[in-house]
Amino acid sequence: MASSSFDTLLQKIETRTARAGIIGLGYVGLPLAMAVARSGFAVTGFDIDPGKMVALDARRSYIDAVSDAALAAEIDAGRFQATTDFAGLAACDVIIICVPTPLTKHRDPDLSFVEATSRSIAQHLRPGQLVVLESTTYPGTTDDVVKVILEGTGLKSGSDFFVGFSPEREDPGNQHYHTATIPKVVAGDGPEALALMKAFYGAAVSSVVPVSSNATAEAVKLTENIFRSVNIALVNELKTVYAAMGIDVWEVIDAAKTKPFGYMPFYPGPGLGGHCIPIDPFYLTWKSREYELPTRFIELAGEINSAMPRYVVGKLAEALDIRAGKALSRCRVLVLGLAYKKNVADIRESPSLRLIEIIEERGGHADYHDPFVAEIPPTREYQALKGRKSVTLTSDTIAGYDAVLVATDHDRVDYATLAKSAALIIDTRNVFNRLGLSADHVIKA
């Protein structure tokens with residue numbers, strides 16, 4: 001049975017007659033679906049959100065990385081379709097899980113989406129399928145959670161069906177790399193599963209990087225994000241220390257990066273955003289408790305980065321007090337940028353949401369402007385902010401605020417007008433200095 005299931009599936013992959021099912025059509029799943037479809041496979045996308053189905057049926061993309069034209073091309077070619085009916089999984093030869101892996105309020109892994117999806121797959125599991133997890137998680141999840149749930153059907157991994165892990169590497173807003181051109185780390189439960197993973201992803205992306213186990217591949221993703229988290233925490237801490245000394249951390253970094261070896265520039269900010277860096281390191285800290293091993297370095301980095309929004313609001317309050325003689329509780333503040341990074345509409349874990357919350361906890365009033373986010377959508381942690389709309393950025397609008405707090409340095413903003421019209425600017429991104437617009441009323445934070 002093992003040889004028959006493997007050989008049949010491998011032949012389907014090599015001849016592009018395999019149908020791929022991608023569960024979760026968000027920032028990871030939809031771009032992946034397009035890359036797989038463009039490589040010649042028929043793809044069925046699955047999602048529980050009927051709103052996404054309405055958009056996709058209208059050939060309208062809700063993800064910046066996928067254009068309307070690219071989406072329409074794959075639908076019109078018959079290579080992509082989407083549904084909320086998970087019964088279609090039975091017809092899929094390769095099933096890829098791209099669902100959220102958030103944290104609980106106590107910063108423990110929340111695998112409820114992965115577990116529920118695995119149970120849905122189990123209801124339609126058959127011999128000759130490859131099931132892949134792409135959601136970021138702690139080492140052991142694929143084998144100890146997904147595989148165990150699937151084997152609850154009586155079918156066995158490595159003989160009846162196959163299991164693998166390949167970490168997503170999406171970077172919203174990156175103009176240089178996209179899904180098909182980013183090397184793909186792949187792993188499988190056994191040599192045949194790995195061979196299937198290499199064949200499938202090798203057909204859809206420019207290069208694959210095989211590793212020895214699913215746990216190793218899961219650790220690769222965590223390592224990539226922990227690396228960024230720790231280094232960003234370092235420069236955030238240096239920012240606070242150098243500010244106390246009257247030293248500009250951005251000037252220091254710009255000079256340090258001229259060294260052609262042994263240094264890589266990272267930049268401070270108002271906090272961390274996106275799904276990966278603020279969340280993923282805590283998956284490893286949670287798992288490490290099982291081995292009675294501390295992760296002090298990782299947890300300290302998380303604490304430093306999590307403290308940045310409050311530090312920034314503290315600098316805002318101080319500047320209002322010293323320069324305007326006003327308490328934050330009596331001030332109106334415009335937060336510039338709701339997205340977590342420039343030139344995208346992605347607000348996942350955005351520090352801007354926390355900045356607004358802290359300002360209003362301290363009695364101030366906060367609005368926001370973001371050229372990419374017209375309205376704050378529902379979020380798990382900031383339900384009270386749902387429905388707030390981006391204000392129009394004009395000279396008169398800007399002048400009506402006691403301060404402007406730059407949280408995200410989108411290119412699609414008239415910073416010259418902002419510099420002329422704002423009474424006080426708190427710049428967390430060094431954008432005014434970069435544009436040659438430094439002034440006495442622009443305070444770096």
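These legends walk through a set of close-up views of one predicted model. Because the model is predicted, local features need pLDDT of at least 70 and side-chain atom pairs count only at pLDDT 80 or more, while totals for chains, interfaces and linings use all residues. Residues are numbered from 1 along each chain as its sequence is written, and side-chain values use heavy atoms, with hydrogens and water left out.

**View 1. Phe41 and Phe200 meet as a tilted aromatic pair.**
Searching the whole structure turns up eight aromatic pairs. Rings of Phe, Tyr and Trp (its six-membered ring) pair if their centres lie within 6.5 Å; planes under 30 degrees apart count as stacked, over 60 as edge-to-face and the rest as tilted. For Phe41 and Phe200, the separation is 5.2 Å centre to centre, with 50 degrees between the planes. Phe41 belongs to the loop between helix H2 (29-38) and strand E2 (42-46), and Phe200 to helix H7 (residues 191-204), so the pair ties together parts 159 residues apart in sequence. Helices (H or I, at least four residues) and strands (E, at least two) are DSSP runs, numbered from the N terminus. Phe41 is buried at 0% relative accessibility, and Phe200 is buried at 0% too. Buried here means under 20% relative accessible area, exposed over 50%, and partly exposed in between (1.4 Å probe, protein chains only). Look for Tyr201 as well: ring pairs link Phe41, Phe200 and Tyr201 into a cluster.

**View 2. Phe46 and Phe86 make another tilted pair.**
Here the ring centres are 5.6 Å apart and the planes stand at 50 degrees. Phe46 sits in strand E2 and Phe86 in the loop between strand E3 (80-83) and strand E4 (94-97), and the pair links these distant parts of the chain, 40 residues apart. Phe46 is buried, with a relative accessible area of 0%, and Phe86 counts as buried at 15%.

**View 3. Helix H2 is mostly covered.**
Nine of the ten residues of H2 are buried, among them Leu30, Leu32, Met34 and Val36. Just after the helix comes Gly40, with a positive phi of about 115 degrees.

**View 4. The second largest pocket holds about 440 Å³ of space.**
On a 1 Å grid over the protein atoms alone, a pocket is an open set of points with protein on both sides within 12 Å along at least five of seven lines, a cavity is a set where a 1.4 Å probe fits but cannot get out, and lining residues have an atom within 4 Å of a point. Grid points are joined across faces, edges and corners, and a volume is the space filled by probe spheres set on the points. The lining of this pocket has 24 residues, and the closest to the pocket centre are Asp64, Ala65, Val66, Asn174 and His178. H2 gives the largest share of the lining, three residues. By type, the lining has twelve nonpolar, seven polar and five charged residues. Ala, Val, Leu, Ile, Met, Phe, Trp, Tyr, Cys and Pro count as nonpolar, Asp, Glu, Lys and Arg as charged, and the others, Gly among them, as polar.

**View 5. The largest cavity encloses about 80 Å³.**
The structure holds one cavity of 30 Å³ or more. Residues lining the largest cavity include Val28, Leu32, Glu134, Arg169 and Lys184. Its lining divides into five nonpolar, one polar and five charged residues.

**View 6. Asn343 and Glu349 share the loop between E9 and H12.**
Asn343 has a positive phi of about 65 degrees although it is not a glycine, and is partly exposed at 26% relative accessible area. Glu349, also not a glycine, has a positive phi near 55 degrees and is partly exposed at 36%.

**View 7. Arg332 places its charged end over the ring of Tyr401.**
The distance to the ring centre is 4.3 Å. A charge sits over a ring if NZ of Lys or CZ of Arg is within 6 Å of the ring centre and within 35 degrees of the ring normal.

**View 8. His369 comes together with Leu336 across 33 residues of sequence.**
Their C-alpha atoms are 5.1 Å apart. His369 lies in strand E10 (residues 365-369) and counts as buried at 11% relative accessibility.
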